[in-house]
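I opened the notebook today to look up two things: how the strands are laid out, and how the chains meet. Here is what I wrote down as I went.

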Amino acid sequence: MKIIALYNIKGGVGKTAACVNLGYLAASEGYSTLICDLDPQGAASFYFRIKASRKQTARKLLKKKNPLKRYIRGTDFNHLDLIPADISYRNLDIFLDKTKKSKSRLKKLLLAFQDEYQFIFLDCPPNITLVSENVFQASHHVLVPVIPTTLSILAYEKLFNFFKKHHYNTNKLVPFFSMVEKRKKMHTEIINNYSHQFPGMRKSLIPYSADVEKMGLQRKPVLVFRKNSPASRSYRYLWKEIQQTMKGISQGKQ
Amino acid sequence: MQYYLLEKRNQANLVLNALAKTFKIEKNTVNKENRRYYDSVDWRLLRQNLCLYHAEKQLHLGNLNYNLTIANFPFENLPQTLFVKELPASSLKNRLKPIIDVRALIHQLSEKCTAQEIYLLNTDDKRVVRLCFRRSILLRDQKESPLNQTLQVNPIRGYEKESEMAQEIIRDFGIESLSDSLFRRLIGTAGIKPERHSSKIKFDFQDTIPIGEALQKIFIQFAEVMKRNEAGIRKDIDIEFLHDFRVAVRRTRSLMSQAKSIIPAREGAYFKIKFADLQKKTNNLRDLDVFLLKEQPFKKILPVSLKKSLDSLFDDIRQQRRNAQQNVAELLVSKEYREMMKEWSHFLRAGQLLSHPEAKIPVVRFAKKIIRKRLKRVLLEMNNLIIGSPQDGQIHALRIEAKKLRYLLEFFSSIFPVQEMNEIVDHLKGVQDLLGSYNDLVIQSRDLEKRLSELNFSNKTASRTAAAFGGLLTHFTQEKVAIKKQLKKTFQLINDPTQIKKYQSLFNYRIK
């Protein structure tokens, strides 16, 4: 089982869209896949038309006896399940703080799915909090969508330094450019400059796309309703790159 | 997952209309699929509640209990038979290997199906239940048999309540859920009875029926087993066909010799010779089959440098086997064989076994008598072996006696308490497995020694071949010693005082 997080300190960088589409791609290849929506906004859950039950709260989510299982919902797609988010997740940090081994709680909960899922995708809320640290501990790979803007680059650098400072394995970080608008000069320049500067920056460029925005209307991954759009092609390419990354790591390469 | 049988016309539309009052309906396109089902001749997959089929350029392995695909693999060919060793490395191959082993997977039947997938949606337009209306046509032996339409209900995880609501609506129409899987339904419609595809037939006799009648039933069943396996042997699909055929012949011969007081003397003597001849003519092919099964185990025994030296040996055996198979295939279509089987069938159905004066004895009395006799022989042979250092001939004699006893116990098991009989048969089977392995080693040693003496040492590779043969022969000798040791232990299970007591109560066995 591989746990893959979609994370950025900044919001609005295309985390959820990437999470939903990559999860869908994994499932469509026959891998048993779970998306875990950790963001109280619940955008991933919204895309799949899934609502959390009233009983599903942040407090109950962290209970010891593997409560996660009962919150799993099947999506409209084969092999793809989802744990929806609830607004109470805004308090997840507070409840985590009260638990023992507060930084590894999520990892422990997710390991219970070892035999059931081959991939777990975590759609994470922005900011660096205790939830984020749980995500860093639990994940094998942390995918970081980066908009080719100065602020977004700055946010990625902060994250990289945070990993170093707190002794997290920086090899887990998999940055890629997201919401790219090639007609913008600054985007092209930043991509040219930083593609080499950041170790592990993936070649895939996820474009800024009206099709991705339409996911909110269609409430489906863009890969379902616009299979051959540039955005869909980019997600497919990104998924290939991620698979190669996983292969490289499992063979001891980086 | 649940299946419902739609037996009445238009039932599908009525059900859908009723469901549409509670759920929104999303209809998908109609899919057509042709499935080819594979299993071994003795239905090993079905016995494990599995089914293997080819559809949409893929091989699928399904679990019948849960109607789930547990493994699949891209596979373009559509062969009539396939072997697990021919499949590329995959989880499907790993699942099949321990069950199928070296057996052939034979194309058993086909299914043409049309499936309409329908989703029930909630108020958010989220799919909450998956339905599938399915029509199938069974294809077997160039015949087409349409089956009733089925409705499959697949709950979607987390929406079990909605699935239950949908099923209540379906059940309101008086539609019954199917307790069997769709594949078992196909098998049933095709009239296939997997339990009949083995020489290990279970007989269910009342202990009072006349022995003549019981014998007639047993002989007829084995004649059918022989007939069923003929085509498989001729086409050389799987070595199991010959094995089953020979087991049926051997059991027939064994019972004939033990019930000779009931079989008319002239016919008894005639068929005794005929069946012995039939068995003899298939011995060579079976021995070669067993030898070929040992190719990989033998190569594993030898050091890497000598492994290749066995290639020519096995190429040679393969060539011999081709000839032997050809001979047996010709035998089975020969006039002589056909007539013999026809005569045997006439004899059995003419009722001569029923009219014999001794044929009226209740089966239980007769069974006890011959089991006692055979048991005495087996125990005596075993004791002789325990005392001294057993020779190959003695071990072979015990093997034959033990087989005769086991066959009797199996033929008449229904008239004795199940548990006790199973225990005795299991112990005996343990001994027989060892005796069988010993016998294989004797035959293979004999063969290798003969080949060794015929090696032409002017040939460069001969010395390496001789070294490989030497390695194997040494291993065979060690194996034989190990088996002899094990045999003594297993004998004790049969010869144990508590077991003897059981024989006394079951078969009136007395020690003199």
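Entry 1, the edge of the sheet. I began with one bridge pair: F177(A) has L205(A) as its bridge partner in β8(A). A reminder to myself that I am reading a predicted model. Next I looked up the strands around this pair. Strand β7 of chain A covers residues 173–180, and 2 bridges join it to β8(A). The two strands run parallel.

Entry 2, the whole sheet. In which order do the strands of chain A lie? I read off β3-β4-β2-β5-β1-β6-β7-β8, an open sheet of 8 strands with mixed pairing. The edges are β3 (73–74) and β8 (205–207) of chain A, and each of them pairs on one side only.

Entry 3, a helix on the sheet. I then checked what helix α1 of chain A, residues 15–28, packs against. Helix α1(A) touches β1 (2–6), β2 (33–37), β4 (80–83), β5 (119–123), β6 (141–146) and β7 of chain A. I also noted the angle: the direction of α1(A) makes about 170° with that of β5(A).

Entry 4, where the chains meet. How much area do chain A and chain B bury between them? I found about 960 Å², with 37% of it on carbon and sulfur atoms. In chain A, the residues that lose the most area to chain B are R49(A), G74(A) and D76(A), together 51% of what that side buries. The contact draws 13 residues from chain A and 8 residues from chain B.

Entry 5, polar and charged pairs. I counted 4 salt bridges between chain A and chain B. One that I looked up joins K126(B) to D76(A), with the closest N and O atoms 2.8 Å apart. Between the two chains there are also 8 residue pairs in polar contact, both residues at pLDDT 80 or more. Last, I sorted the side of chain A that touches chain B by class: 7 charged, 4 nonpolar and 2 polar residues.

Note on methods: Residues are numbered from 1 along each chain as its sequence is written. Chains are lettered from A and ligands numbered from 1 in the order in which they are written. This is a predicted model: local features need pLDDT of at least 70, side-chain atom pairs count only at pLDDT 80 or more; totals for chains, interfaces and linings use all residues. Side-chain values use heavy atoms; hydrogens and water are left out. Contact means heavy atoms within 4.5 Å. Buried area is the accessible area (1.4 Å probe) that two parts lose on being put together, summed over both. A salt bridge is a side-chain nitrogen of Lys or Arg within 4 Å of a carboxyl oxygen of Asp or Glu. A polar contact is a pair of N or O atoms within 3.5 Å; within protein, one must be able to donate a hydrogen and the other to accept it, and residues adjacent in sequence count only if both atoms are side-chain atoms. Ala, Val, Leu, Ile, Met, Phe, Trp, Tyr, Cys and Pro count as nonpolar, Asp, Glu, Lys and Arg as charged, and the others, Gly among them, as polar. Two strands pair if DSSP finds at least two bridges between them. Helices (H or I, at least four residues) and strands (E, at least two) are DSSP runs, numbered from the N terminus. Axes are lines fitted to C-alpha atoms, for helices over the stretch in contact, and angles run from 0 to 180 degrees between N-to-C directions.
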